Amino acid sequence: LHRVTPASSRLPLETRPTRPAVHALEELHTMMAGMPGVFPAVDFALAWLRARLPADDEVVLVHGDFRTG
């Protein structure tokens with residue numbers, strides 16, 4: 001699955017942002033900023049993730065539903 005890219009597939013894949021990981025972190029940051037309260041663990045996690053963003057944001061197909069029950 002991880003070798004399927006928008007260019008190599010005939011699937012109707014959505015157009016995604018140029019840097020999907022950066023975009024996802026920005027969305028999470030915006031969502032958390034709108035919540036009442038302070039969440040230092042989440043702030044730490046988002047900063048940790050931002051410091052470790054992949055250099056190459058290649059867009060690939062990922063199966064996201066691995067339920068165990």
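These questions and answers walk through a predicted model of a protein.

Trainee: How many helices and strands are there in the protein?
Mentor: Start with the helices. H1 covers residues 20-33, and H2 covers 40-51. Strands number zero, so the count by DSSP runs is two helices and zero strands.

Trainee: What distance lies between the end C-alpha atoms of H1, and what span should we expect?
Mentor: H1 has 14 residues. The expected span is 1.5 Å times one less than the number of residues. That gives an expected 20 Å for H1, and the end C-alpha atoms agree, being 20 Å apart.

Trainee: Which residues of H1 are buried, and what arc do they cover?
Mentor: Buried means under 20% relative accessible area. In H1, Val-22, Leu-25 and Met-32 are buried. They sit on the same side of H1, because they cover an arc around the axis of only 95°.

Trainee: Which element do the buried residues of H1 pack against?
Mentor: Recall the buried residues of H1: Val-22, Leu-25 and Met-32. Contact means heavy atoms within 4.5 Å. The element that these buried residues pack against is H2.

Trainee: What percentage of the residues count as buried?
Mentor: The protein has 69 residues. To count as buried, a residue must be under 20% relative accessible area. The share that does is 10%.

Trainee: Is Leu-28 buried, partly exposed or exposed?
Mentor: Leu-28 is found in helix H1. Its relative accessibility is 36%. Partly exposed lies between the 20% and 50% cut-offs, so Leu-28 counts as partly exposed.

Trainee: Which residues form a nonpolar patch on the surface with Leu-28, and what is their accessible area together?
Mentor: A patch takes residues with over 30% relative accessible area. Leu-28 has 36%. Its partners in the patch are Met-31, Met-35 and Phe-39. Together the four have an accessible area of about 340 Å².

Trainee: What part of the accessible surface of the whole protein belongs to carbon and sulfur atoms?
Mentor: The accessible surface of the protein comes to about 6,100 Å². The part that belongs to carbon and sulfur atoms is 61%.

Trainee: Which residues does Pro-54 contact, leaving aside its neighbours within four places in sequence?
Mentor: Find Pro-54 in the segment after helix H2. Pro-54 is partly exposed, at 36% relative accessible area. Its C-alpha atom is 9.3 Å from that of Val-22, which is 32 residues away along the chain. With the sequence neighbours left aside, the contacts of Pro-54 are Arg-19 and Ala-21.

Trainee: How far apart in space are Ala-21 and Glu-58, C-alpha to C-alpha?
Mentor: Ala-21 is found in helix H1. It is partly exposed, with a relative accessible area of 23%. Ala-21 and Glu-58 are 37 residues apart in sequence. In space, C-alpha to C-alpha, they are 9.7 Å apart.

Trainee: Is Ala-55 buried or exposed?
Mentor: Ala-55 is found in the segment after H2. Its C-alpha atom is 9.7 Å from that of Arg-19, 36 residues away along the chain. The relative accessibility of Ala-55 is 83%. The cut-off for exposed is over 50%, so Ala-55 counts as exposed.

Trainee: How many residues apart in sequence are Arg-3 and Val-62?
Mentor: Arg-3 has its place in the segment before H1. At 79% relative accessibility, Arg-3 counts as exposed. C-alpha to C-alpha, Arg-3 and Val-62 are 9.2 Å apart in space. In sequence, their separation is 59 residues.

Definitions and conventions: Residues numbered from 1 in each chain as written. Predicted model: local features only at pLDDT ≥ 70, side-chain atom pairs only at ≥ 80, totals over all residues. Heavy atoms only, no water. Helix = DSSP H or I, 4+ residues; strand = E, 2+ residues; numbered from the N terminus. Buried < 20%, exposed > 50% of the residue type's maximum accessible area, 1.4 Å probe, protein only. Areas by Shrake-Rupley, 256 points an atom, 1.4 Å probe, with all protein chains shown as cover. Patch = residues over 30% accessible without salt bridge, like charges linked within 9 Å, V, L, I, M, F, W, Y side chains within 5 Å. Salt bridge = Lys/Arg side-chain N within 4 Å of Asp/Glu carboxyl O. Arc of directions from axis to C-beta.
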